[in-house]
Amino acid sequence: MIWGIFKRDMCHATRNVIAVIVSMGLVVVPALYAWFNIAASWDPYGNTKALKVAVANNDKGYKSDLIPVRVNVGETIISTLHANDQLDWQFVKSDKAIDGVKSGEYYAAIVIPKGFSADMMTLFSPDIKHAQLKYYLNEKINPIAPHITDQGATTVVNTIDKTFAKTIAQVGLDLASSILHYSQSPQMAEYMRNLNGNLTTMADTLSGASQQVTSYSQLLGSANDIVDSTGKLLASATKAGKQAQNALKQGKSGATSLTSAGANVTSSVNTALDQVSGAFDQVAAKVNKAFDAIGKDSDTAASQLATLSEQISSGESLYDTYITSLNHMRESVEQLPDSDSAKQALLEAIDREITLLEAAKGDSQKLAQQLKDASTQVTQDTAAAERSRKEILNRITSAKQSISNVRDDYATNVKPKIDALASTVSTLISQTDSMITQLSGTADGLDDVTGDVGTNVTSIRSTLGAIAKKLDSSAATVKELITKLETGGNAGDGNSDGGDGDNDADSGESDKLRALATANASTLSTLISAPVALHRVSVYPIANYGSAMAPFYTILSIWVGAIILCAMLKVTISDREKAHVLGLGDTLPRIAGPSGPGNASRWGLRLDHEYFGRYAIFALLALLQGTLVCLGDTYFLGVQANHALQFLAVGWLAALVFSNIVYTLTVSFGDIGKAVAVVLLVMQVAGSGGTFPIETLPKFFQMLYPFLPFPHAIDAMHAAMAGSYGNEYLLDMVYLALFLIPSLLLGLVLRKPVIRLNNWVSRNLESTKVM
């Protein structure tokens with residue numbers, strides 16, 4: 001029965017030329033639908049160079065003291081876009097660019113503002129601003145064009161970012177390389193040697209200064225002891241003089257000459273020694289102050305030293321006065337009788353005192369000359385000036401020591417002999433009385449002075465001790481710096497012996513810096529500007545966008561072909577055809593009842609025979625449609641198909657399933673079934689995942705996705721084109737074939753109760769003479 005129906009349908013379809021042309025059209029039209037869509041979307045992103053995008057540069061550039069070179073990022077962007085062919089860049093004024101976007105002449109426009117370069121360079125200032133490009137977009141012209149122009153704008157921004165980062169990185173690397181090369185140059189080595197030499201001299205100077213300060217502190221201690229001893233000596237002499245004063249009053253008139261000379265000498269001794277000793281202390285302080293000013297104000301220091309030299313020179317008259325007084329005393333002693341045993345001893349003591357004073361005078365003269373010489377060396381040679389400072393301080397110490405020797409010798413040798421002579425020479429009694437009176441007043445004043453001097457000397461010695469420690473610490477710091485510099489130099493030269501772990505680490509860091517600086521600066525700057533490179537690995541690669549869209553349009557065209565078949569071919573069998581198949585002539589007996597499905601079942605033509613008999617020609621034409629569209633995709637358009645036979649098998653299975661579904665809906669519900677088939681088509685276009693991933697669609701379509709045949713057919717065709725993961729292809733083919741079960745169930749079983757209802761609806765529609 002099924003074969004009989006199919007054979008008569010084939011005879012009718014090929015009975016005349018018009019029938020053959022229509023049949024061929026039914027096969028070709030779905031293929032044309034697929035091919036036109038696939039060819040039109042073959043490589044849309046490869047033709048983006050036809051999209052016009054305007055670019056306007058208003059950038060005024062940037063220049064500052066930090067970067068003296070004029071920077072204009074806008075000009076760099078324009079130069080870069082001239083070499084870019086992703087889009088059709090149009091370089092115009094900003095007003096024309098914006099107006100062109102509004103009118104539709106340009107799809108988009110990029111406007112570079114005036115302060116773009118200045119905003120970018122705020123990277124080097126505390127007030128950082130984000131540089132912005134103005135991007136104008138006309139979104140009504142085309143739904144896809146905005147996304148393409150967005151990609152172009154993003155490319156511009158990325159290019160700016162990478163170019164800016166590359167430029168900054170390259171400048172930094174070039175600078176580091178220059179510094180490294182300069183640090184390895186002979187000039188730098190000479191500078192380092194000079195620096196080490198100067199630092200060594202500085203360390204020695206600091207150590208010497210510490211020793212000088214310590215010695216000066218010890219000298220002050222000795223001076224304090226001398227002052228104390230002198231005070232005690234004068235106090236003792238005063239007490240003894242008062243006792244002798246009462247005993248020698250009777251011989252006072254006979255000793256007038258010697259007393260006058262002794263009084264003058266004693267007064268001169270006290271005055272000269274006190275003035276000279278105090279002057280030397282002041283000179284030492286002023287010398288240190290003058291030398292401390294060296295380097296800050298050398299002219300002032302030279303002037304101070306010259307002034308000190310003149311003061312020392314003027315003080316030489318004190319020595320002359322003292323020597324003159326001693327000579328007067330000697331003349332007085334020479335007048336004594338030769339029989340006096342104390343005469344010769346006193347003359348020898350006075351001569352020794354004069355010799356010591358002349359030596360002290362010579363020290364003062366040398367000190368004055370050294371100060372004068374130092375005043376000229378201050379502005380010429382700092383190192384020589386420092387040596388002069390040391391010599392001058394030593395000379396001051398020597399001069400003070402000479403004064404101390406004079407004082408000690410006078411107190412020890414001269415004055416006792418005069419006192420002894422006074423007991424035997426009557427002419428000395430009156431002089432001794434006067435001297436004792438003056439000495440008593442001097443000793444009383446000296447008691448207060450020696451007390452203050454002792455307190456001040458103790459405080460000064462404490463301060464000098466702290467200064468000496470600071471100088472020692474500074475010298476140690478300078479020596480440590482010298483060691484670090486020498487170690488760093490060895491590490492930089494690669495000559496470290498490896499004995500020190502820190503030196504090895506420094507050498508390793510130096511080697512790394514050298515390797516970085518000697519590398520290609522352009523390559524490194526490119527790496528810094530774009531440290532991550534995207535290596536695209538295609539899994540199941542697709543040749544082009546047209547091939548990627550081919551499964552969707554192919555499956556869609558096969559469904560459209562099934563709808564066309566049901567629209568052009570009759571799905572029901574007339575009673576006349578049934579009678580011919582049954583061999584009953586041209587009509588069924590009246591007992592068959594009204595015309596409709598299953599009315600010939602008593603003669604053996606059951607409902608399933610009618611279903612499959614008429615569906616056979618639908619299946620044949622659907623298979624031809626699937627074959628033509630798949631072969632055309634592969635061999636006409638060149639769509640990628642790594643497994644051509646599998647690709648063709650998907651087309652065949654989809655043709656059978658889709659044609660059966662549409663045929664069943666039409667058989668069961670008539671024209672309403674055709675409308676349902678169109679609704680299913682619309683739903684599957686949106687929810688099939690052929691254009692956008694299912695996961696990006698609304699929740700409704702994600703839930704609907706497993707119950708539609710399109711997604712499984714498209715996935716199976718993708719697997720046939722690019723390769724299958726495991727049993728992916730077979731599973732999708734099975735899922736697609738499973739849709740035949742509900743379709744056959746509806747066509748063979750579930751449609752029986754609604755046959756009369758469907759016939760009633762059809763008769764009413766025909767009665768309208770419009771439908």
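Start by selecting strand β1, residues 52-57: four bridges join this strand to β2, and the two run parallel. Keep in mind as you look around that the model is predicted. For a single point of reference, pick V55, which stands opposite F91 in β2.

**Widen to the sheet**

Now bring in the other strands. You are looking at an open sheet of four strands in the order β2-β1-β3-β4, and its pairing is mixed. Which strands stand at the edges? Colour β2 (88-91) and β4 (134-137): each has a single partner strand, so one side of each is left without a neighbour in the sheet. Turn the view to follow the twist, which averages 20 degrees from one strand to the next.

**Add the helices on the sheet**

Next, select helix α3, residues 73-82. This helix packs on the sheet, where it touches β1, β2 and β3 (108-112), and its direction makes about 155 degrees with that of β1. Then show helix α4, residues 94-103, which lies across β1, β3 and β4 and runs at about 155 degrees to β3.

**Move to α19 and α22**

Leave the sheet and select residues 644-669 and 709-722, which are helices α19 and α22. They pack at an angle of about 165 degrees, with their axes 8 Å apart. That angle makes α19 roughly antiparallel to α22, because angles over 145 degrees count as such. The crossing of α19 past α22 is left-handed. Display side chains at the contact: from α19 come Q646, F647, V650, G651 and F658, and among their counterparts in α22 are P709, F710, A713 and M717. By class, the contact holds ten nonpolar residues, two polar ones and no charged ones.

**Carry on to α23**

Keep α22 on screen and add helix α23, residues 728-738. Here α22 and α23 pack at about 150 degrees, their axes 8 Å apart, which means that α22 is roughly antiparallel to α23. This crossing, too, is left-handed. At the contact, residues of α22 including H712, D715 and A719 meet a set in α23 that includes E728, Y729, D732 and L736. The class count for this contact is nine nonpolar, one polar and three charged residues.

**Last stop: L730**

Finally, select L730, which lies in α23. Is L730 buried or exposed? Its relative accessibility is 53%, so L730 counts as exposed. Draw a C-alpha to C-alpha distance from L730 to A716: they are 7.7 Å apart in space and 14 residues apart in sequence. A716 is also one of the α22 residues in the contact with α23.

How values were computed: Residues are numbered from 1 along each chain as its sequence is written. This is a predicted model: local features need pLDDT of at least 70, side-chain atom pairs count only at pLDDT 80 or more; totals for chains, interfaces and linings use all residues. Side-chain values use heavy atoms; hydrogens and water are left out. Axes are lines fitted to C-alpha atoms, for helices over the stretch in contact, and angles run from 0 to 180 degrees between N-to-C directions. Angles under 35 degrees count as roughly parallel, over 145 as roughly antiparallel, 65 to 115 as roughly perpendicular and the rest as oblique. A crossing is left-handed if the near helix is turned anticlockwise from the far one by less than a right angle, and right-handed if clockwise. Contact means heavy atoms within 4.5 Å. Ala, Val, Leu, Ile, Met, Phe, Trp, Tyr, Cys and Pro count as nonpolar, Asp, Glu, Lys and Arg as charged, and the others, Gly among them, as polar. Buried means under 20% relative accessible area, exposed over 50%, partly exposed in between (1.4 Å probe, protein chains only). Two strands pair if DSSP finds at least two bridges between them.
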